[in-house]
Structures are given as C-alpha cells and as structure tokens.
Amino acid sequence: MSDCLFCNIIAGKMETEFIYEDDKVVVFADINSQAPVHYLIVPRKHVPTIMDLKKSDNELVGHIYQVATHLAEETGIAEDGFRVVSNCGKAGGQSVFHIHFHLLGGRSMQWPPG
Ligand code: AMP
Ligand code: ZN
C-alpha cells in the first residue's frame, strides 16, 4: 500500500530506525512518545484494523505478544508492569490504519484511559 505510512516505514522509505525486526514484524519508537518506553509493534503485512484480522492471522497476533514480552524484558519494564494497546477505528483512537500494538512502560499507567 503505497499511501500507507507504516507500509512506507516498513519499506525503509522514512529512514525510521527499527528497534527490532524479523520476518513478521518491525518495531520502532513512537514519534509522539507517551511513556519512557513507547514502541510500536507493526506487522509487515498491511491489515487496516484489528477487525480485518482473519483466523489465519492468529499466529501473527500471538507472535506480536511474544515480541512485546521479549522487548518488555529487554527494556527492563517487565517487572514493574507495562501496557500493550491496539486502538481500533476512529472512536478507538486509531490514527494510522495499518494495525500496530503500542508497548508502553516505564511509568504507572492510569485507568480508565482517556
Ligand atoms: P494510533 O493512534 O493508535 O493509530 O497510533 C499511531 C501512532 O503512530 C501514534 O501514536 C503516532 O504518534 C505514531 N506515529 C505517527 N507517525 C509516526 C512516525 N513517522 N514514526 C513513528 N511513529 C509515528
Ligand atoms: Zn500499511
């Protein structure tokens, strides 16, 4: 998808530094960081919202959580606790329509979210 920001980042067109990458996902820092650790875990595959995920994507979603917990350990936020968030649609706060999972940590999170 040439008009998708995250597809362009994944294709290396934005010179975004990847904190982690493998054959299924890339991870980079959120440009508008909301916590000491705020990474975006983004599948290489273009899926607009989590509503578009198919049963065949179950392994991919499981992998995303494996990457999240691995990075939580690596960055030292695992022990205190952290948050993994995926916003869906306009009212859910989604602004980029290529699915991604926010990994947030390094401070206490509030609940309910705004
Ligand atoms: P969401 O609002 O849940 O769709 O999350 C999209 C996130 O992408 C926001 O937190 C933005 O700050 C972030 N973002 C937008 N453009 C970039 C970029 N070029 N590099 C890194 N993060 C970005
Ligand atoms: Zn995309």
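The predicted model contains an open sheet of 5 strands. The strand order is S1-S2-S3-S5-S4, and the pairing is antiparallel. Strand S1 (20–21) and strand S4 (82–85) stand at the edges. Each has a single partner strand, so one side of each is left without a neighbour in the sheet. Helix H2 (residues 58–75) packs on this sheet. H2 touches S1, S2, S3, S4 and strand S5 (101–105). The direction of H2 makes about 155° with that of S3.

Strand S3 (residues 37–43) pairs with strand S2 (residues 25–29) in the antiparallel sense, over 5 bridges. Within this pairing, valine 26 has valine 42 of S3 as its bridge partner. Alanine 29 is bridged to tyrosine 39 of S3. S3 also pairs with S5, again in the antiparallel sense and over 5 bridges. Here tyrosine 39 has leucine 103 of S5 as its bridge partner. Tyrosine 39 thus has a bridge partner in S5, leucine 103, as well as the bridge to alanine 29.

The burial of S3 was examined next. Of its 7 residues, 7 are buried, so S3 is largely enclosed by the rest of the structure. In a regular strand, side chains alternate between the two faces of the sheet. In S3, Val37, Tyr39, Ile41 and Pro43 point one way. His38, Leu40 and Val42 point the other way. Residues of both sets are buried, with buried meaning under 20% relative accessible area.

The largest pocket holds about 740 Å³ of space. Its lining comprises 31 residues. The closest to the pocket centre are Asp30, Gln34, His38, Asn87 and His102. One of these, His38, is also among the buried residues of S3. By class, the lining has 15 nonpolar, 13 polar and 3 charged residues. Several elements contribute to it. Helix H1 (5–10), S2, S3, S4 and S5 each supply at least two residues of the lining. H1 gives the most, with 3 residues. Strands of the sheet thus take part in the pocket wall, S2, S3, S4 and S5 being among the contributors.

Conventions. Residues numbered from 1 in each chain as written. Chains lettered and ligands numbered in written order. Predicted model: local features only at pLDDT ≥ 70, side-chain atom pairs only at ≥ 80, totals over all residues. Heavy atoms only, no water. Pairing = 2+ DSSP bridges. Helix = DSSP H or I, 4+ residues; strand = E, 2+ residues; numbered from the N terminus. Contact = heavy atoms within 4.5 Å. Axes fitted to C-alpha atoms, helices over the stretch in contact; angles between N-to-C directions. 1 Å grid on protein atoms, 1.4 Å probe; cavity = no way out; pocket = protein on both sides within 12 Å on 5 of 7 lines; lining within 4 Å. Points joined across faces, edges and corners; volume = space filled by probe spheres on them. Nonpolar A, V, L, I, M, F, W, Y, C, P; charged D, E, K, R; others polar. Buried < 20%, exposed > 50% of the residue type's maximum accessible area, 1.4 Å probe, protein only.
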